[in-house]
Amino acid sequence: MARRAAPEVNAGSMADIAFLLLIFFLVTTTIETDSGITRKLPPIDDTDQKPPPLKERNIFIVLINANGELLVEDEEMELGELRQAAVEFLDNGGGEGDEACSYCKGAADPASSDNPIKAVISLQNDRATQYGKYIAVQNELVAAYNQLRNRESNRLYQMDFTEMEAAYNDPDTEPKDKELLKERIGRIKEMYPQKLSEAEPKR
Amino acid sequence: MSKFKKKSDGGTPAISTASLPDIVFMLLFFFMVVTVMRDTSLKVQNVLPFADQVEKLDKKNLVMYIYAGKPSPRYQQKYGTEARVQLNDKYANINDIQQFIREEKQSKREELRDMLTTALKVDKETNMGLVSDIKQELRKAEALKINYTTKEGDAMLNLE
């Protein structure tokens with residue numbers, strides 16, 4: 001009689017409490033997106049220095065009008081074709097002598113770019129262009145660069161360029177691996193520098 | 001006879017719900033871990049565009065956020081439907097951006113100031129005019145590293 005078993009605590013309401021908390025967190029959760037297209041803005045240039053002249057064929061002009069339609073090198077184009085067109089332009093390698101490109105696999109069309117190092121993509125938009133469409137175009141152009149960089153990176157180091165960059169930005173990577181990655185990334189970036197110029201929109 | 005009668009005495013046995021709290025707690029912990037409490041409340045519509053060539057922003061404390069878009073429906077009576085910029089918790093003018101960037105830079109340690117990135121969270125229906133104005137201001141404020149925050153997905157989805 002003296003020893004009674006401890007009475008069991010009723011855990012039936014535990015589920016209710018947990019549900020309450022769960023619903024609170026469900027409601028307040030906003031799974032934050034913080035990935036995006038990283039760009040670097042050009043610094044403001046106050047000097048009256050003229051930019052060095054560029055050959056017409058080394059510039060790839062992409063215009064987006066207020067309705068989101070594309071005009072690429074004076075021809076209308078669908079967004080789906082833009083990536084391929086940009087790759088063909090960058091990888092053309094039509095230069096000779098000093099300007100020859102030893103790793104390009106393009107058609108070497110004399111009317112297109114000499115060398116990826118010289119090739120510039122110029123993106124112009126209207127003030128009334130929708131941001132979503134602008135981002136879509138940016139995305140395609142960055143994709144074109146990434147495609148070429150991945151190709152070279154796979155050839156030289158048997159690894160995707162985007163993978164190398166991700167590993168480099170990952171805080172868990174060992175410092176000595178980082179050194180190596182940094183060097184390789186720098187080398188690929190030298191081969192296909194991202195020269196994406198944005199003009200200030202008209203009107 | 002008695003062979004068959006035995007079973008019919010209790011009805012269906014009750015299902016044990018003893019493991020229910022465990023399951024719910026598991027879900028709870030999941031949500032607690034992935035939850036990032038927003039430090040600003042959004043006053044603009046913010047449907048981000050899609051892109052698939054994205055890089056992740058790792059160091060969260062080195063990111064400055066600039067929001068832009070139409071005012072949210074409940075503010076539209078007061079502020080109209082013209083796209084606006086939001087800094088911290090309130091609407092701002094384009095020319096407040098430089099001041100905002102300066103303050104953000106001041107609040108960080110000196111050696112980290114060059115690593116600051118500006119994340120542009122812009123609604124996909126905003127006109128580029130506003131975005132270009134923001135970019136101009138950022139150039140003036142010498143905050144040159146920017147990131148167009150996007151959702152991950154096929155860029156073709158933006159055209160719809």
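Start with chain A and its contacts: of those between residues at least 6 apart in sequence, 56% join residues at least 24 apart. Keep in mind as you click around that this is a predicted model.

Stay on chain A and colour it by secondary structure. You'll find five helices and six strands, and walking along the sequence gives the pattern α-β-β-β-β-α-β-α-α-α-β. Now zoom out. The C-alpha atoms of chain A fill a box of roughly 105 × 45 × 35 Å along the principal axes. Its radius of gyration is 27 Å, while a compact globule of 203 residues would have one near 17 Å. If you shade by burial, buried residues make up 26% of the 203 residues in chain A.

Next, select chain B. Here there are five helices and eight strands, running in the order α-α-β-β-β-α-β-β-α-β-α-β-β. The box around the C-alpha atoms of chain B comes to roughly 95 × 40 × 35 Å. Chain B has a radius of gyration of 26 Å, against a value near 15 Å for a compact globule of 160 residues. Buried residues account for 29% of the 160 residues in chain B. As for contacts in chain B with a separation of 6 or more, 77% are between residues 24 or more positions apart.

Now show both chains and look at where they touch. Chain B puts 52 residues into the contact and chain A puts in 49. On the chain B side, try highlighting α2, β2 (55-56), β6 (117-122), α5 (128-140), β7 (145-149) and β8 (151-152), the elements that give two or more residues each. Which element of chain B gives the most to the side that touches chain A? That's α2(B), with nine residues. Colour this side of chain B by residue type and you get 27 nonpolar, eleven polar and 14 charged residues.

For the last stop, select residues 14-28 of chain A, helix α1, and residues 20-34 of chain B, helix α2. Their axes come within 9 Å and cross at roughly 20°. Angles under 35 degrees count as roughly parallel, so α1(A) is roughly parallel to α2(B). The crossing of α1(A) past α2(B) is left-handed.

Turn on the side chains here. From α1(A), show A:M14, A:A15, A:A18, A:F19, A:L21, A:L22, A:F25 and A:L26. They meet B:L20, B:P21, B:V24, B:F25, B:L27, B:L28, B:F31 and B:M32 of α2(B). What kinds of residue make up this helix contact? There are 16 nonpolar residues, with no polar and no charged ones.

How values were computed
Residues numbered from 1 in each chain as written. Chains lettered and ligands numbered in written order. Predicted model: local features only at pLDDT ≥ 70, side-chain atom pairs only at ≥ 80, totals over all residues. Axes fitted to C-alpha atoms, helices over the stretch in contact; angles between N-to-C directions. Helix = DSSP H or I, 4+ residues; strand = E, 2+ residues; numbered from the N terminus. Parallel < 35°, antiparallel > 145°, perpendicular 65-115°, else oblique. Left-handed = near helix turned anticlockwise from the far one by under 90°. Contact = placed C-beta atoms within 7 Å. Nonpolar A, V, L, I, M, F, W, Y, C, P; charged D, E, K, R; others polar. Rg over C-alpha atoms; globule rule 2.2 N^0.38 Å. Buried ≥ 20, exposed ≤ 12 C-beta atoms within 10 Å, placed from the backbone.
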